[in-house]
Amino acid sequence: MADHTRLVTSFTAASTADDVLRGHDLGGVRALVTGASSGIGAETARALTAAGARVTLAVRNTDAGNAVAEAIARATGRARPDVAPLDLADRASVARFVVAWREPLHLLVNNAGVVTGGLARTREGWEWQFATNHLGHFVLATGLRAALAAGAAERGGARVVAVSSTAHMRAGVDFDDLHFTHRAYDPQLAYARSKTANSLFAVEATRRWAGDGIVANAVNPGGVATGLQRNFTPEQRRSLDAAEAAGVFTYKTVAQGAATTMVAAVHPALARAGGRYLDDCQEAYTVPDDAALADHPHGVKRWALDPALAERLWTASAALTRTGPG
């Protein structure tokens with residue numbers, strides 16, 4: 001775990017994506033943002049485009065994606081982002097996307113995420129949140145590794161941003177029951193596991209890929225009201241309201257929510273540094289696994305940064321998805 005100086009920036013919870021990108025010219029940068037048809041993903045794509053990057057919106061609903069792309073072009077005066085279909089819960093969809101990608105990639109933002117109100121499974125029988133939030137992004141990123149390596153060779157480095165959540169504080173990955181086949185289903189617990197997995201992915205991806213100039217970092221965007229909450233049950237809404245009341249988070253705008261993603265995407269100190277977890281535009285401080293969320297709303301638990309757990313998750317994910325070692 002952390003054996004480095006913790007990154008502290010001049011930005012705060014109130015900073016926006018544009019604030020972080022001010023002064024950065026991303027001309028020549030090829031960026032891919034998943035889940036970019038609304039919310040934080042759309043704002044991430046807009047801000048990157050405004051700074052000069054050529055952006056692809058990878059989305060389930062291409063009609064919504066095209067509407068966002070048109071709005072971004074109008075708002076920024078830049079080239080219209082590309083739009084491509086991607087369903088992270090469908091391995092065939094991810095495979096088609098990877099095969100179709102034929103150019104160097106400099107920035108991959110694994111932003112898409114789902115929340116379910118009850119148990120849902122993919123055709124493989126995988127729990128839906130873990131399958132979408134982690135496994136889909138795992139297959140996408142490993143499939144695009146060569147493109148990221150090519151991007152790193154072009155520009156002296158490539159970056160992956162994995163969007164995690166404060167929810168990771170609620171649960172580590174249960175390797176004995178990844179898909180809730182042995183215990184009663186709890187959607188909040190399932191979501192928490194998937195967000196811990198996002199952080200562990202960044203740890204292991206950096207270990208495996210840093211030699212190619214690729215680094216990955218996890219970010220917590222904070223509390224932002226988006227379509228992610230559309231499927232909340234009354235119990236989930238009560239839990240969210242209680243967390244807000246306890247001071248675990250205060251709501252941000254989507255522009256503020258995308259700011260921490262931008263820190264991971266462009267901050268010079270992270271050009272060669274990965275496996276970190278950022279919160280409110282800073283690197284989060286590490287807390288024990290038994291620490292209470294209410295006491296450490298801006299911390300990161302050890303189970304989300306543990307190198308041994310990260311390697312174990314990578315191995316399990318590769319076996320499940322029948323991908324190569326990455």
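Glu-311 counts as partly exposed because its relative accessibility is 38%, and this residue of a predicted model is a useful place to start, since Glu-311 forms a salt bridge with Arg-207 in which the closest N and O atoms are 3.8 Å apart. That pair links distant parts of the chain, with Arg-207 in helix H7 (residues 187-209) and Glu-311 in helix H11, 104 residues apart. The points below take up the salt bridges, the sheet, the helices that pack on the sheet and on each other, and some single residues.

**Salt bridges**

- The structure holds 17 salt bridges, and among them is a network that links Arg-30, Arg-54, Asp-82 and Glu-103.
- Within this network, Asp-82 forms a salt bridge with Arg-30, and the closest N and O atoms of the two residues are 3.1 Å apart. The pair connects distant parts of the chain, since Asp-82 belongs to strand E3 (residues 82-85) and Arg-30 to strand E1 (residues 30-34), 52 residues apart.
- Asp-82 also forms a salt bridge with Arg-54, where the closest N and O atoms are 3.5 Å apart. Asp-82 lies in strand E3 and Arg-54 in strand E2 (residues 54-59), so this pair ties together parts of the chain that are 28 residues apart in sequence.
- The accessibility of these residues can be set out one by one: Asp-82 counts as partly exposed because its relative accessibility is 30%, Arg-54 counts as partly exposed at 44%, and Arg-30, at 6%, counts as buried.

**The sheet**

- Eight strands form an open sheet with mixed pairing, in the order E3-E2-E1-E4-E5-E6-E7-E8.
- The edge strands of this sheet are E3 and strand E8 (282-283), each of which pairs on one side only.
- At the E8 edge, strand E7 (residues 277-279) and E8 pair in the antiparallel sense over two bridges, and Leu-278 stands opposite Glu-283 in E8.

**Helices lying across the sheet**

- Helix H5 lies across E1 and strand E4 (107-110), and the helix runs at about 170° to E4.
- Helix H10 (residues 259-266) lies across E4, strand E5 (158-163), strand E6 (214-220) and E7, and the helix runs at about 155° to E5.

**Packing of H5 against H11**

- Helix H5 (residues 128-143) and helix H11 (residues 307-321) pack at an angle of about 85°, with their axes 11 Å apart. An angle between 65 and 115 degrees counts as roughly perpendicular, which means that H5 is roughly perpendicular to H11.
- On the H5 side the contact is made by Phe-130, His-134, Leu-135, Phe-138, Val-139 and Thr-142, and these meet Leu-313, Trp-314, Ser-317, Ala-318, Leu-320 and Thr-321 in H11.
- By residue type, the contact of H5 with H11 is made up of eight nonpolar residues, four polar residues and no charged ones.

**Individual buried residues**

- Thr-44 has its place in helix H2 (residues 39-50) and is buried, with a relative accessible area of 0%. When its neighbours within four places in sequence are left aside, Thr-44 is in contact with Val-33, Val-109, Ala-258, Thr-261 and Met-262.
- Ser-164 lies in the loop between E5 and H7, and with a relative accessible area of 3% Ser-164 is buried. Not counting residues up to four places away in sequence, Ser-164 touches Lys-195, Asn-198, Ser-199, Ala-218, Val-219, Asn-220, Pro-221 and Tyr-277.
- Pro-187 is found in helix H7 and counts as buried because its relative accessibility is 14%. Although Pro-187 and Leu-119 are 68 residues apart in sequence, they are 7.0 Å apart in space when taken from C-alpha to C-alpha.

Notes:
Residues are numbered from 1 along each chain as its sequence is written. This is a predicted model: local features need pLDDT of at least 70, side-chain atom pairs count only at pLDDT 80 or more; totals for chains, interfaces and linings use all residues. Side-chain values use heavy atoms; hydrogens and water are left out. Axes are lines fitted to C-alpha atoms, for helices over the stretch in contact, and angles run from 0 to 180 degrees between N-to-C directions. Helices (H or I, at least four residues) and strands (E, at least two) are DSSP runs, numbered from the N terminus. Angles under 35 degrees count as roughly parallel, over 145 as roughly antiparallel, 65 to 115 as roughly perpendicular and the rest as oblique. Contact means heavy atoms within 4.5 Å. Ala, Val, Leu, Ile, Met, Phe, Trp, Tyr, Cys and Pro count as nonpolar, Asp, Glu, Lys and Arg as charged, and the others, Gly among them, as polar. A salt bridge is a side-chain nitrogen of Lys or Arg within 4 Å of a carboxyl oxygen of Asp or Glu. Buried means under 20% relative accessible area, exposed over 50%, partly exposed in between (1.4 Å probe, protein chains only). Two strands pair if DSSP finds at least two bridges between them.
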